[in-house]
Amino acid sequence: MPNAHRYITTPIYYVNDRPHIGHVYTTTVCDIWARFQRLLGRDVFFLTGTDEHGQKVEQSAAERGMAPSVFADEISAEFRGAMDLFGLTHDEFIRTTDPQHEQQVRTFVGRLMESGDVYRGTFEGWYDAGQEEYLTETQAKEADYVSPVSGKPLERARQENYFFKLSGYQDRIEALFAEHPEFVRPEGRRNEVLGRLREGLQDVPISRTNFTWGIPVPDDESHVIYVWIDALFNYITALGLGDLSSSRAADRHEYWPATYQVIGKEILWFHAVIWPALLMALDLPMPRCVYAHSFWISDGKKMSKSLGNFIGLEQLQACMDTYGRDALRYFLAVQGPLGSTDADFSRSQFHETYTTDLVNTLGNCASRTSAMIGKYFEGICPPDTGECAGGGVEWETFTSEQVARSIAAMDRLDLAGSIEAAMSIVRRVDAFINDTAPFKLAKDQTKAAMVGTILHRCAEAIRIAACLLEAVLPDHVADLRTAWNFGESSGDLAAECRWGGLPARTVIEKVMLFPRIEA
Ligand code: ME8
């Protein structure tokens, strides 16, 4: 789908917690993908934001003696500030307290009431106040009558509620999984959902009466809409799908269905089952892929403030101050938990990745090449005369293969794979310099054309690798573009990465991209 719209979303983050590495991670993953799409010239919309209603937010605000709306404004601004600090380029930051969102949620719930997908009934069972979630007798028993998240005792509940008829969607959800094996990725997560689906779907209570900080149910103001239902709708209210006559919809409705909905593994059930059922009930198309990554842990354990292994913005900021913003993005992308296992965030691993990949490989290659062009050709890129001694590299074929590999990996949201293809070009340059030894050939005047060809090819290969890495390392690639005069991104990455894009006589300034840092 070369010209189709592309849409990527993060979860919207709760305002009763402060931003931390997990939030920065998911948003950075989406940012890298979105930037890469833009470099390819594709039309992409990237959404993130904050989830602001519900009992927990109401309580957190009360503890601080604040009105919930004031409290939500404050923490939401903190999230937005964090996104700016880390250079994240979302197209919209949605807030569930935005009146346009609230209005559309009411429209959607109203439609579900009309179609009979939402009905009024009585719930008898258990309530997990911390999670604002109702549990059936079976679920409560399995959890030993305590919250699986907070460990606090469940409360007995009997309540009049509005319910979503999830049970009516069992067959269609199963068909969705069967027909679209890529609907939930990675594979291990998909299997988890399939296992739970076999237990059978039950209707979900979607309204609450024990607090007021939420969106009122249409025509029954004594109930507020369950925060999860309110929140899930953000992915389509941001595009105006609940108000097709709005200017928001005019500009954005074509982005639905989403290409990727990236989330953490703990909220997969909501996104892989409840969300598609809601969309089915509203006759809307399914997202192409719900991608549930694993967790960052710290010192081998789940992060927690009480254990003192929590990685908040201060720790990330400290890494960024020492190593730079691009280095943090690079580390998150290559070492992050996109697969089925959790990843440990360790400062020593960070340092090693930085030194091995960015200082010793990319930085060193660019600096060697530009230093030799400086020394032997006065900083002017020599021509490729075709005269080259050995090295054994079919550069044009090799780079075009790696470019295709890098783009295909990014299309699969395989960030590490995409980066690896680019870095393999850089490593090949390094080996090529060692094999052809231009620094030795340069001592012989008659070999000048050969030295020129070697260095031209090195610079050209590094230029291509840098273009592929620009979504991950935007600041450094911008610096290299300036120093080596290869202009702004053309918006056609594939064409830009074709061999032969670096003209002879281009001024190549000496660069030092990544300084060595003491551990
Ligand atoms: O769940 N490692 O919001 P939330 C990696 N508002 N990612 C992590 C992480 C970790 N240790 N901890 C959190 C909510 N995340 C709801 C979502 S969506 C309609 C509503 C990331 O503030 C990960 O993306 O608890 C996870 O899903 C998200 O933060 C949860 O953020």
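# Reading the ligand site and its surroundings

Guide: A polar side-chain atom of D51 lies 2.7 Å from a nitrogen atom of the ligand. This is a predicted model, in which local features need pLDDT of at least 70 and side-chain atom pairs count only at pLDDT 80 or more, while totals for chains, interfaces and linings use all residues. Residues are numbered from 1 along each chain as its sequence is written, and side-chain values use heavy atoms, with hydrogens and water left out.

Visitor: Why is the D51 pair called a polar contact?

Guide: A polar contact is a pair of N or O atoms within 3.5 Å (within protein, one must be able to donate a hydrogen and the other to accept it, and residues adjacent in sequence count only if both atoms are side-chain atoms). At 2.7 Å, the D51 pair falls within that limit, so it counts. Two others join it: a backbone N or O atom of Y14 is 2.9 Å from a ligand oxygen atom, and an N or O atom in the side chain of H23 is 3.3 Å from an oxygen atom of the ligand.

Visitor: How much of the ligand does the protein cover?

Guide: Of the 670 Å² of accessible area that the ligand has on its own, the protein covers 93%. Such areas come from the Shrake-Rupley method with a 1.4 Å probe; for residues, only the protein chains shown count as cover.

Visitor: What makes a residue part of the shell, and which element gives the most?

Guide: One of its heavy atoms must lie within 4 Å of the ligand. By that rule 23 residues surround the ligand, the closest being I12, T26, D51, G264 and W296. β1 gives the most, with 4 residues. Strands such as this are DSSP runs of E, at least two residues long, and helices are runs of H or I, at least four, numbered from the N terminus.

Visitor: Why are Y13 and F79 called a stacked pair?

Guide: Rings of Phe, Tyr and Trp (its six-membered ring) pair if their centres lie within 6.5 Å; planes under 30 degrees apart count as stacked, over 60 as edge-to-face and the rest as tilted. The count comes to 28 aromatic pairs. For Y13 and F79 the centres are 5.8 Å apart and the planes meet at 15°, so the pair is stacked. Y13 sits in strand β1 and F79 in helix α3 (residues 68–85), 66 residues apart.

Visitor: Are Y13 and F79 buried or exposed, and how do you know?

Guide: Buried means under 20% relative accessible area, exposed over 50%, and partly exposed in between (1.4 Å probe, protein chains only). Y13 has 5%, so it is buried, and F79, at 1%, is buried too.

Visitor: What makes R196 sit over a ring?

Guide: The rule asks for NZ of Lys or CZ of Arg within 6 Å of the ring centre and within 35 degrees of the ring normal. The charged end of R196 sits over the ring of W269, 3.9 Å from its centre. R428 does likewise with F398, at 4.3 Å.

Visitor: What is notable about the backbone at D144?

Guide: D144 has a positive phi of about 60° although it is not a glycine. Most residues other than glycine have a negative phi, and most peptide bonds are trans. D144 lies in the loop between α5 (137–142) and β6 (155–164), and its 62% relative accessibility is over the limit, so it counts as exposed.

Visitor: Which peptide bond at P186 is cis?

Guide: The bond joining R185 and P186, with omega about -10°. The bond from W256 to P257 is cis as well, with omega near 5°.
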